[in-house]
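Colleague: I should be grateful for a close look at a single part of this model, namely its aromatic residues and the strands around them. Please take me through that part step by step.

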Amino acid sequence: MSKFNVGDRVKLVKVDAQDKLNGLKVDMVGKVVEQFGEQSSVDFDNWNKGWGINGQRWNLLNSQIKKLKEKVNE
């Protein structure tokens with residue numbers, strides 16, 4: 001069973017050297033758009049140095065991201 005599901009909102013908690021070179025920073029927030037084993041593809045909010053239709057996507061190890069709890073409006 002994977003740690004994340006497509007659609008989960010996540011926060012970046014750890015960056016490596018390649019991530020830094022591409023402008024990723026701890027605390028960036030995005031949405032999981034693909035999940036495969038120990039990695040997830042995340043579309044980050046307000047960032048466009050990656051790949052994908054809007055350049056917002058980046059592949060990360062699941063250990064680099066943390067699921068955010070979404071508030072549910074009642």
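Modeller: A residue is called buried when its relative accessible area is under 20%, and exposed when that value is over 50%. The model is a predicted one, and what follows should be read in that light.

With a relative accessible area of 7%, Trp 47 falls under the 20% limit and therefore counts as buried. Trp 58 has a relative accessible area of 14%, so Trp 58 is buried as well. Phe 44 is likewise buried.

These three residues belong together: ring pairs join Phe 44, Trp 47 and Trp 58 into a cluster. The number of aromatic pairs is two. In one of them, the ring centres of Phe 44 and Trp 47 are 5.9 Å apart and the planes stand at 85°; since an angle over 60 degrees counts as edge-to-face, this pair is therefore edge-to-face. Trp 47 also pairs with Trp 58, again edge-to-face, with 5.9 Å from centre to centre and 90° between the planes. This second pair connects distant parts of the chain, as Trp 47 lies in the loop between β3 and β4 whereas Trp 58 belongs to strand β4, 11 residues away.

A further aromatic ring takes part in a contact with a charge. The charged end of Arg 57 sits over the ring of Trp 51, at 5.1 Å from the ring centre.

The loop between β3 and β4 also contains Asn 46. Asn 46 is not a glycine, yet its phi is positive, near 55°. Its relative accessibility is 80%, so Asn 46 counts as exposed, whereas Trp 47 is buried.

The strands on either side of this loop are part of an open sheet. Its five strands follow the order β4-β3-β2-β1-β5 and pair in antiparallel fashion. Strand β4 (57-61) is an edge strand, as is β5 (65-67), each pairing on one side only. From one strand to the next, the twist averages 45°. In general, the strands of a sheet pair through backbone hydrogen bonds.

Strand β3 (residues 39-44) is joined to the antiparallel strand β2 (residues 29-36) by six bridges. Across this pairing, Lys 31 stands opposite Asp 43 of β3.

The loop between α1 (17-21) and β2 holds Asp 27. Asp 27, although not a glycine, has a positive phi of about 85°. Asp 27 counts as partly exposed because its relative accessibility is 49%.

Notes. Residues are numbered from 1 along each chain as its sequence is written. This is a predicted model: local features need pLDDT of at least 70, side-chain atom pairs count only at pLDDT 80 or more; totals for chains, interfaces and linings use all residues. Side-chain values use heavy atoms; hydrogens and water are left out. Two strands pair if DSSP finds at least two bridges between them. Helices (H or I, at least four residues) and strands (E, at least two) are DSSP runs, numbered from the N terminus. Axes are lines fitted to C-alpha atoms, for helices over the stretch in contact, and angles run from 0 to 180 degrees between N-to-C directions. Buried means under 20% relative accessible area, exposed over 50%, partly exposed in between (1.4 Å probe, protein chains only). Rings of Phe, Tyr and Trp (its six-membered ring) pair if their centres lie within 6.5 Å; planes under 30 degrees apart count as stacked, over 60 as edge-to-face and the rest as tilted. A charge sits over a ring if NZ of Lys or CZ of Arg is within 6 Å of the ring centre and within 35 degrees of the ring normal.
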